[in-house]
Amino acid sequence: MATLRDIVYENVREGELYQELDDKRIRCFACGHCCPIPDGRPGVCQVRFNRGGKLYVPWGYVGGVQCDPIEKKPFFHAYPGALAYSFGMLGCDLHCAYCQNWVTSQALRDSAAVSPPLKVTPEGLVREALQYGAKVIVSTYNEPLITSEWAVAVFREAREAGLLTSFVSNGNGTPQVLEYLRSWVDLYKVDLKSFDDRRYRQLGGRLQPILDTIRSLYEMGFWLEIVTLLVPGFNDSDDELKRLTEFLASVSPDIPWHVTAFHKDYKMTDPENTSARDLMRAAEIGKSAGLRFIYAGNLPGQVGELENTYCHNCHELLIERYGYLITGYYLTSNGSCPACGTTIPGRWDPSFQGQITDHPLLPRPRRPLFSFLVPEGS
Ligand code: SF4
């Protein structure tokens, strides 16, 4: 019977983001690890591998699909209320102990993470996105950088059909992968998990490639929003938050920063859940650093004005929210403040288009890629 690894290794195509080295070794550029991979071995992410001196990458399946309000990704300055048809494959280049998507992201590392792949085509995904009324199609749930070739195949179809495209990513990129994605990705969310390199090494990465990616994404013109999941005792000291937000403000004070509440998940169950007071403290630090658009997430109704968008010039209320629900929309047709005329950074429709849902919806069930699946390690 097939194991998950068998299935993942059979559903591949030759990748584009690599170079050949000597002795059938290759170097992958899809993420900041830039793995040198000998023949017959996978990279750190486990889903890209070297066979005979060529890099093979995941193709033709998803680990899950879901229709989300765009506010859940979260994007607060891009097409408010839009439906974001979201798909993910399997695997990740990091291994965060508090991952909320561990069932897909850690599928080849953790035998408890069983998420049978579902067979799909780019055309089929786009067709379904349109049927549900999506405006944006999003690669998410696993780390999209490591499955960039597949995402671009889906996004080619999506663009033809008039959809916008997006990555929800840990930001562990390289110049090569960002150049590869530049023409295909409209909206990019980066999870900036800490401002301490030692913490990033605990999660399996390094801080510097993520900071470089954030700066490059902004300079290359992707619409960029940043999220920091505030984990008590892990990344929430005043000093760390000050350095983190000063860095973001140095890239641009117009980048929206979402500071969101942790709840015990996966292997991280020791820290207390984040309180509303902690989110508000972090927001104050970000404001002092010069950021103009700060949002507190995951605790609807408990964080005062921090769910809403206000004009950074005159403090007029522009978009009112409760959780993912838009309860008021007052921007002008050209994305300006109705009171003082200041342009609000973002990607705006000429008017609010309504909201299909304020909570995730599951599309119809699909046929698994293989019905008999033996969990890894059994
Ligand atoms: S995506 Fe990253 S972790 Fe995976 S093989 Fe490429 S460089 Fe290594």
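**View 1. Arg51 sits over the ring of Tyr56.** In this predicted model, Arg51 lies over the face of Tyr56, 5.0 Å from the ring centre. A second charge over a ring is found elsewhere in the chain. There the charged end of Arg321 sits over Phe76, at 4.0 Å from the centre of the ring.

**View 2. Strand 6 pairs with strand 5 and with strand 1.** Strand 6 covers residues 54-58, and 4 of its 5 residues are buried. Strand 5 (residues 49-51) pairs with strand 6 in the antiparallel sense, over 3 bridges. Within this pairing, Phe49 has Tyr56 as its bridge partner. The hairpin of strand 5 and strand 6 has 2 residues between the strands. Gly52 takes a positive phi near 65° in this hairpin. Strand 1 (residues 12-14) also pairs with strand 6, antiparallel and over 3 bridges. Here Val12 stands opposite Pro58.

**View 3. Three strands form an open sheet.** The sheet has 3 strands in the order 2-3-4, and the pairing is antiparallel. Its edge strands are strand 2 (18-20) and strand 4 (36-37), each pairing on one side only. Strand 3 (residues 26-28) meets strand 4 over 2 bridges. Arg27 has Pro36 of strand 4 as its bridge partner. Strands of a sheet pair through backbone hydrogen bonds.

**View 4. Phe87 and Phe155 meet edge-to-face.** The model holds 11 aromatic pairs. In one of them, Phe87 and Phe155 lie 6.3 Å apart, centre to centre, with 70° between the planes. This pair links distant parts of the chain: Phe87 belongs to strand 9 (residues 83-88) and Phe155 to helix 4, 68 residues apart. Are the two rings buried or exposed? Phe87 has a relative accessible area of 0%, so Phe87 counts as buried. Phe155 is also at 0% relative accessibility and therefore buried. Ring pairs join Phe87, Phe155, Phe167, Tyr188 and Phe222 into a cluster.

**View 5. The largest nonpolar core has 88 residues.** Which residues have the most contacts inside this core? They are Ile137, Leu181, Leu192, Ile214 and Trp257. Helix 4 (residues 148-160) gives the most to the core, with 7 residues. Now take Ile214. Leaving aside neighbours within four places in sequence, Ile214 is in contact with Val190, Leu192, Leu224, Ile226, Phe247, Leu248 and Val251. In soluble globular proteins, nonpolar side chains tend to be buried together.

**View 6. Helix 8 has a covered set of buried residues.** Helix 8 runs through residues 238-251. Its 14 residues, at 1.5 Å a residue, should span 20 Å. The end C-alpha atoms are 20 Å apart, so the span agrees. Buried in helix 8 are Glu240, Leu241, Leu244, Thr245, Phe247, Leu248, Ala249 and Val251. What covers the buried residues of this helix? The cover includes helix 7 (207-220), strand 14 (223-230), strand 15 (257-261) and helix 9 (276-289).

**View 7. Glu123 lies in helix 3.** Helix 3 spans residues 122-131. Is Glu123 buried or exposed? Glu123 has 39% relative accessibility, between the 20% limit for buried and the 50% limit for exposed. Glu123 therefore counts as partly exposed. Asp6 is 117 residues from Glu123 along the chain, and 25 Å separates their C-alpha atoms.

Definitions and conventions:
Residues numbered from 1 in each chain as written. Predicted model: local features only at pLDDT ≥ 70, side-chain atom pairs only at ≥ 80, totals over all residues. Heavy atoms only, no water. Pairing = 2+ DSSP bridges. Helix = DSSP H or I, 4+ residues; strand = E, 2+ residues; numbered from the N terminus. Core = buried A, V, L, I, M, F, W, Y, C linked by side-chain atoms within 4.5 Å. Buried < 20%, exposed > 50% of the residue type's maximum accessible area, 1.4 Å probe, protein only. Contact = heavy atoms within 4.5 Å. Phe/Tyr/Trp six-rings, centres within 6.5 Å; stacked < 30°, edge-to-face > 60°. Lys NZ or Arg CZ within 6 Å of the ring centre and 35° of its normal. Expected span 1.5 Å × (residues − 1).
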